[in-house]
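User: Hi! Could you walk me through this model, starting with the ligand site?

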Amino acid sequence: LIVAIDGYAACGKSTLAKALAKALDYRYIDSGAMYRAVTYFLLKNSIPLDDEPAVESVLKDIHIEFERIDGNNHTILNGEDIEEAIRSQRINQHVSLTAAIPSVRKKLVEQQQRIGQRNNLVMDGRDIGTVVFPHADVKIFMNADLDVRTRRRYLELTGLGFDISMDEVKRNLIERDRIDTTREDSPLIKAPDAVEIDTSGLSPEEQLNTAIKIINRIRE
Ligand code: C5P
């Protein structure tokens with residue numbers, strides 16, 4: 001079974017996806033972490049994000065894996081654990097530009113589809129139910145008020161030790177959503193057969209219960 005979860009930035013996708021994967025004993029893949037990892041590589045190697053041929057020429061040097069460490073998923077880039085580094089504001093500010101590059105998307109979508117061939121899976125992102133797994137058994141589209149999303153992401157980032165203001169977080173969410181919904185290749189849209197959850201007033205437990213109900217309904 002494949003569960004595809006898409007939605008806007010910081011509306012709780014990965015929290016729900018992780019909880020669902022745990023409850024179902026499925027594998028969880030954070031596809032956003034893959035776009036973040038590519039962004040990390042490109043910035044580190046000073047590859048301009050608007051130079052598509054330059055980006056394309058280094059894609060073969062990028063190897064992304066996931067490892068379970070102390071019960072948590074860690075993103076590994078060419079053997080280096082970059083799980084913390086890819087959550088930084090610098091990555092937040094560039095990742096949507098990276099994700100708009102078709103050759104980057106092609107490489108990552110192929111890897112995501114390969115993972116989906118051999119696992120029961122929960123994957124979250126922006127194009128999982130539309131492009132990566134258009135035939136996913138369960139599709140969920142998440143949304144929440146911008147102010148709720150801003151507050152949640154602000155608490156998450158400051159909790160990780162990042163020095164950032166609420167206003168910077170809000171502007172970044174708006175900007176990422178703008179780029180993600182308007183890019184030409186695989187823009188963020190709700191799949192026609194996705195079930196929508198507005199998480200604004202829901203606790204993580206309520207979100208999990210809602211999703212489990214949706215899955216049980218579909219399984220029947
Ligand atoms: O999910 P997360 O916020 O970590 O994703 C970071 C960025 O990666 C998104 O803003 C989007 O630009 C890109 N992304 C994407 N397609 C996906 C997952 C993430 O374009 N499937």
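Analyst: Happy to; we can take the ligand site, then the cores, then one glutamine. This is a predicted model, in which local features need pLDDT of at least 70 and side-chain atom pairs count only at pLDDT 80 or more, while totals for chains, interfaces and linings use all residues. Residues are numbered from 1 along each chain as its sequence is written, and side-chain values use heavy atoms, leaving out hydrogens and water.

User: Great. How many residues surround the ligand, and which are the closest?

Analyst: The ligand is surrounded by 15 residues, and the closest are Arg36, Arg105, Asp127, Asp180 and Arg183. To count, a residue needs a heavy atom within 4 Å of the ligand.

User: How does that shell divide into nonpolar, polar and charged?

Analyst: There are 4 nonpolar, 4 polar and 7 charged residues. Here Ala, Val, Leu, Ile, Met, Phe, Trp, Tyr, Cys and Pro count as nonpolar, Asp, Glu, Lys and Arg as charged, and the others, Gly among them, as polar.

User: What does arginine 36 do there, in distance terms?

Analyst: A polar side-chain atom of arginine 36 sits 2.7 Å from a ligand oxygen atom. Serine 96 places a polar side-chain atom 3.1 Å from an oxygen atom of the ligand, and for serine 31 the distance is 3.0 Å, to a ligand nitrogen atom.

User: And how much of the ligand's accessible area does the protein cover?

Analyst: The protein covers 97% of the 460 Å² that the ligand has on its own, by the Shrake-Rupley method with a 1.4 Å probe.

User: Which helix gives the most to the shell?

Analyst: That is H2, with 4 residues. Helices here are DSSP runs (H or I, at least four residues), numbered from the N terminus.

User: Switching topic: which residues touch the most others in the largest nonpolar core?

Analyst: Among its 37 residues, Val38, Leu42, Ile64, Val104 and Phe133 touch the most other members. Such a core is a set of buried Ala, Val, Leu, Ile, Met, Phe, Trp, Tyr and Cys residues joined through side-chain atoms within 4.5 Å. H2 gives this core its largest share, 9 residues.

User: Last one: is glutamine 89 buried or exposed?

Analyst: Glutamine 89 is buried, because its relative accessible area is 15%; buried means under 20%, exposed over 50%, and partly exposed in between (1.4 Å probe, protein chains only). Glutamine 89 is found in helix H4.

Key
Polar contact = N/O pair within 3.5 Å; in protein donor to acceptor, adjacent residues only side chain to side chain. Helix = DSSP H or I, 4+ residues; strand = E, 2+ residues; numbered from the N terminus.
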